[in-house]
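Got your viewer open? Load the model below and keep your selection tool handy, then we'll take a walk through it together.

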Amino acid sequence: MSSVAAYYNGKAVLITGATGFMGKVLMEKLLCSSPNVKTVYILVRPKAGQSMQERVANMLQCKVFDRVREDYPNFQEKIKPINAELIQPNLAISPEDSEELLSQVNIVFHCAATIRFDEPLKRALQLNVLGTQRLIELARQMQKLEAFIHISTAYANCNQKHIDEIIYPPPVEPKKLFGLVEWMDESIIEDITPKLIGEWPNTYAYTKALTEYLLQQEKANLNIAIIRPSIVGASWHEPFPGWIDNFNGTSGIMIAAGKGILRTMIANNDAVADLIPVDVVINLTLVAGWYTAVHRPKNMMVYNCTTGGINPFSWGEMEYHVLSTFKRNPLEQVYRTPCAQLTSNYLINRYWIAVSHKAPALIYDLYLRLTGRKPRMMKILDRLHKNLMLLEYFTTQSWEWSSDNMNMLMGQLSPEDKKLYNFDIRQLHWSEYIENYCLGAKKYLLNEDMSGIPAAKQHLRKLRNIRYVFNTTLLVIIWRIFIARSQMARNIWYFVDQANFKAITEALCTGHSGICPILMCKSTD
């Protein structure tokens with residue numbers, strides 16, 4: 001029997017952010033590995049016109065729960081949604097629900113956060129920092145709480161080049177910042193945001209750094225651990241290889257490259273693309289929850305969940321494997337043949353954006369207008385360029401993260417636990433993982449059937465032929481214009497033409513008779 005799985009059986013677990021990418025995988029793994037878990041409470045708020053009940057019902061229909069649905073058909077009975085709002089006082093939880101949480105919950109997994117890099121500072125503070133503070137206040141009142149696990153990011157301290165598993169001093173006291181933004185007009189906050197965040201590239205990383213410090217200050221007698229994943233990508237093994245449900249980060253880039261929309265981006269080919277599979281993060285999170293509750297370490301533990309220091313993989317390698325996969329298994333109705341170039345030179349990137357992005361997009365939008373359809377390619381490219389600009393900071397640099405605590409945690413596991421909760425990324429084969437990632441994006445994000453690959457390949461061949469004809473025609477037109485304007489070009493053209501004619505003539509002069517079939521004369525060889 002797995003010690004970790006046995007620990008969660010009979011426990012009441014509270015998960016925030018359960019409707020998000022990582023939250024769903026966490027809930028699925030918990031229900032699958034510990035089917036006798038007592039209750040899984042999830043904090044959910046109404047959103048986009050959907051009630052809490054509708055959101056939960058839609059979430060539980062997701063493919064990610066197919067495995068647990070097959071093994072435990074009544075798994076929904078374990079899940080109890082709680083109507084809550086992190087930015088509201090007392091999380092806007094009703095007195096009845098609050099009383100139940102305070103008397104029942106044994107462990108909290110705090111996954112909720114805004115992950116938008118361009119989130120306005122005030123809202124990022126409310127969701128990431130103030131929301132965590134209010135959850136901590138609730139946790140302090142929980143009578144049976146054994147562990148509180150917070151999901152942060154490996155880039156919370158990206159102003160450091162070497163990042164240890166410690167809490168770094170924040171640039172400002174979080175509570176002072178709360179007071180500042182509380183009364184200040186949002187337009188003024190927006191104006192001073194660059195000065196406030198300083199060396200941090202965006203409000204997401206900045207507020208995550210503040211949250212870590214807040215947890216250290218507010219922990220009191222709570223057993224808290226922090227998980228710092230890097231760029232979270234598709235699943236490695238569980239619930240099945242390549243599962244992904246959002247276009248954030250690398251997923252959107254991969255699909256844009258596969259569709260032939262993305263042709264250039266700013267990146268350092270040799271920089272480490274610190275991608276971490278979502279199931280690795282979740283396995284580490286569950287093990288950290290068990291270790292924190294059972295062993296009760298004296299200090300708050302921080303776990304850097306990264307790959308760069310153990311199993312590095314560069315952006316240049318990613319480009320190669322992504323394009324190779326989409327050429328073997330093309331997406332349906334691609335815009336152009338997949339072909340992308342990474343460059344760290346800003347001017348070269350701007351040139352290729354003009355030539356390979358904007359010019360074809362304008363032509364394609366003109367075609368759509370002429371055929372009575374709504375132009376859309378320039379809008380797609382504008383969104384893509386905005387996202388790429390937000391990612392430049394991370395695609396042009398490398399960091400070093402220590403992983404002593406993660407290695408220590410692995411050493412605490414039995415052989416059974418190491419199999420059930422595998423987070424040993426030394427076993428990860430990148431070429432296989434990236435292929436599964438791309439195919440997962442095709443199946444689960446774009447809802448494309450694998451049986452359509454032959455037709456997609458035929459479409460890709462058609463695009464290649466069109467490109468060859470277009471490029472050849474364009475070259476001939478340019479050359480002819482150049483010849484018409486330049487005596488030197490005409491001289492070169494006539495020289496090449498005469499040389500080709502002579503070579504063809506000599507090749508056609510055959511036979512023992514020495515008669516040239518073109519000139520009808522004796523061959524001179």
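Here is a tour that begins with the whole chain and then goes stop by stop.

**The whole view**

Keep in mind throughout that this is a predicted model. Start with everything shown as a cartoon: you should find 19 helices and 13 strands. Turn the protein around, and its C-alpha atoms fill a box of roughly 110 × 55 × 50 Å along the principal axes. Of the 525 residues, 52% are buried. Now think about which parts of the chain touch: among contacts between residues at least 6 apart in sequence, 82% join residues at least 24 apart.

Switch on the surface next. The accessible area comes to about 25,500 Å², and 54% of that belongs to carbon and sulfur atoms. Colour by charge and you'll have 56 positive and 49 negative side chains to look at, with the centres of the two sets 7 Å apart.

**Stop one: helix α10**

Select residues 250–258, which make up helix α10. Is this helix enclosed or open to the outside? Nine of its nine residues are buried, so α10 is largely enclosed by the rest of the structure. Step along the helix and you'll pass Thr-250, Ser-251, Gly-252, Ile-253, Met-254, Ile-255, Ala-256, Ala-257 and Gly-258.

What do these buried residues pack against? Add the partners to your selection: the strands are β8 (231–233), β9 (264–266) and β10 (275–277), and the helices are α12 (315–328), α14 (377–395) and α17 (430–445). Following α10 you'll meet Gly-260, with a positive phi near 85°.

**Stop two: a cis bond on the way in**

Now go back along the chain into the loop between β8 and α10, where Pro-239 lies. Zoom in on the peptide bond joining Glu-238 and Pro-239: this one is cis, with omega about 0°.

**Stop three: Glu-319 in α12**

Helix α12 was one of the packing partners of α10, and Glu-319 is found in it. Show the side chain of this residue. Glu-319 is buried yet has no salt bridge. Which side chain of opposite charge is nearest? Pick Lys-327, and the distance is 8.7 Å. A salt bridge here would need a side-chain nitrogen within 4 Å of a carboxyl oxygen. So what does Glu-319 touch, neighbours within four places in sequence aside? Select Asn-269, Ala-340, Gln-341 and Leu-342, which are in contact with Glu-319.

**Stop four: a negative patch**

Head out to the surface and select Asp-185, Glu-186, Glu-190 and Asp-191, which form a negative patch there. Asp-191 lies in helix α8 (residues 186–197). With the cut-off for exposed at over 50%, Asp-191 counts as exposed because its relative accessibility is 61%.

**Last stops: two loops with a positive phi**

Select Asn-90, in the loop between β3 (79–83) and α5 (95–104). Asn-90 isn't a glycine, although its phi is positive, about 60°. Asn-90 is exposed, with a relative accessible area of 66%.

Then jump to Arg-296, in the loop between α11 (278–295) and β11 (301–305). Arg-296 is another residue other than glycine with a positive phi, near 45°. Is Arg-296 exposed or partly exposed? Its relative accessible area is 46%, so Arg-296 is partly exposed.

How values were computed
Residues numbered from 1 in each chain as written. Predicted model: local features only at pLDDT ≥ 70, side-chain atom pairs only at ≥ 80, totals over all residues. Heavy atoms only, no water. Helix = DSSP H or I, 4+ residues; strand = E, 2+ residues; numbered from the N terminus. Buried < 20%, exposed > 50% of the residue type's maximum accessible area, 1.4 Å probe, protein only. Contact = heavy atoms within 4.5 Å. Areas by Shrake-Rupley, 256 points an atom, 1.4 Å probe, with all protein chains shown as cover. Lys, Arg positive; Asp, Glu negative; His and termini not counted. Charge placed at Lys NZ, Arg CZ, Asp CG, Glu CD. Patch = residues over 30% accessible without salt bridge, like charges linked within 9 Å, V, L, I, M, F, W, Y side chains within 5 Å.
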